[in-house]
Amino acid sequence: METILSLKNLDKKYGPVHAVNNLSFEIKKGNVYGILGPNGSGKSTTLGIILNVVNRTSGEFSWFNGNLSTHEALKKVGAIIERPNFYPYMTAAQNLKLVCKIKGVSQDNINEKLKTVNLYERRDSKFKTFSLGMKQRLAIASALLNNPEILILDEPTNGLDPQGIHEIRQIIKKIASNGTTILLASHLLDEVEKVCSHVVVIRKGVKLYEGRTDEITASHGFLDLNTKDQNEALIAILNEFDGVSSVKTELDGMLIATLNRNVSASEINKFLFDKNIVLTHLVKRKPSLEQQFLTLTNDK
Ligand SMILES: Nc1ncnc2c1ncn2[C@@H]1O[C@H](COP(=O)(O)OP(=O)(O)OP(=O)(O)O)[C@@H](O)[C@H]1O
């Protein structure tokens with residue numbers, strides 16, 4: 001699969017603040033990537049570096065396998081890293097015409113891009129009459145005018161109401177389904193889970209996880225177990241069971257066994273029954289992305 005962008009050991013220090021710390025990852029054509037991390041984890045700085053608006057301290061990045069200069073490569077990139085800003089008294093269509101003139105791209109795409117972001121019907125409305133969600137959608141249309149290979153978005157749903165958030169996410173998915181690679185930064189787990197096929201989790205500028213979004217939840221999970229009055233014996237047996245890495249007792253007495261291989265509920269039930277343990281409760285759980293994310297981003 002074609003590599004669109006590659007970061008190698010990228011580093012950025014603002015005085016004592018290590019905003020991006022030895023960060024490496026690759027963006028492949030056709031995928032939707034999320035850079036996920038809490039506030040201040042270095043997402044915007046990373047996007048700023050690859051878009052040439054922030055100087056890196058050290059490390060490298062290369063666009064399109066390094067075949068183009070960064071200046072040329074960025075002509076094939078669409079990005080929104082700041083609040084959308086257009087002329088308030090000009091209409092949506094007039095604003096996009098102006099962007100075409102400034103970028104030196106054809107105006108032929110304007111109607112198609114307005115349709116992509118569901119603003120075609122409102123093309124003759126003045127920008128100042130737009131809701132925040134519509135302004136954001138116009139910014140996306142503007143970033144698409146040069147038919148970019150990759151669209152980069154920093155916190156695309158910040159400040160929007162639930163309807164606006166839903167609409168932006170649907171539009172991002174639509175753009176991706178037409179073959180445009182997407183890279184978005186977000187601090188919202190559910191955003192990345194809903195929109196992105198791949199995720200890079202960062203905390204304090206350090207990469208904690210890189211991979212498919214669905215694989216982040218693909219650990220072997222947990223068992224919740226309880227007995228009437230055999231929990232002490234149960235803990236001892238579970239600790240010897242091949243497949244359980246740890247056992248802890250919750251405040252309500254429930255035992256939580258963490259699995260290190262795929263163990264079915266019936267396998268463990270039979271095993272325990274053969275050891276004369278009768279369970280009153282047995283549930284197999286998978287960790288949610290939220291649990292995984294908290295585990296990843298917790299101070300170690
Ligand atoms: N121009 C700057 N000067 C000094 N420090 C900065 C500057 N820009 C960012 N930082 C610091 O670098 C760190 C990373 O910030 P960055 O904005 O990249 O994170 P972020 O993950 O995008 O967070 P947020 O979602 O809050 O924007 C933070 O500690 C921030 O205070």
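Here are three short exercises on helix 5, its residue Leu138 and the domain layout, all worked on a predicted model.

**Exercise 1.** Work out how the reach of helix 5 fits the expected span, and which of its residues are buried.

*Solution.* Start with the bounds: helix 5 covers residues 132–144, so you have 13 residues to deal with. From first C-alpha to last, the helix reaches 19 Å, close to the 18 Å expected at 1.5 Å a residue. Next, go for burial. Helix 5 is mostly covered, with 10 of its 13 residues buried. Those are Met134, Gln136, Arg137, Leu138, Ala139, Ile140, Ala141, Ser142, Ala143 and Leu144. Finally, look at what does the covering: it includes strand 5 (77–80) and strand 6 (150–154), along with helix 3 (92–103), helix 4 (110–116) and helix 6 (162–177).

**Exercise 2.** Explain why Leu138 counts as buried, then find what it is in contact with.

*Solution.* First, place the residue: Leu138 sits in helix 5. Now count. The cut-off for buried is 20 or more other C-beta atoms within 10 Å. Leu138 counts as buried because it has 25 C-beta neighbours inside 10 Å. Then set aside its neighbours within four places in sequence, and you're left with contacts to Pro84, Phe86, Ala92, Asn95, Val117, Leu119 and Phe130. One more distance to check: Leu114 is 24 residues from Leu138 along the chain, and their C-alpha atoms are separated by 7.4 Å.

**Exercise 3.** Find how the protein is divided, and what separates the centres of its domains.

*Solution.* Take the bounds first: domain 1 runs over 3–216 and domain 2 over 222–297. Then take each centre over C-alpha atoms, and you get 43 Å between domain 1 and domain 2.

Notes
Residues are numbered from 1 along each chain as its sequence is written. This is a predicted model: local features need pLDDT of at least 70, side-chain atom pairs count only at pLDDT 80 or more; totals for chains, interfaces and linings use all residues. Helices (H or I, at least four residues) and strands (E, at least two) are DSSP runs, numbered from the N terminus. The expected span of a helix is 1.5 Å times one less than its number of residues. A residue is buried if 20 or more other C-beta atoms lie within 10 Å of its own, exposed if 12 or fewer, and partly exposed in between; C-beta atoms are placed from the backbone. Two residues are in contact if their C-beta atoms, placed from the backbone, lie within 7 Å. Domain bounds come from an automatic or database domain assignment.
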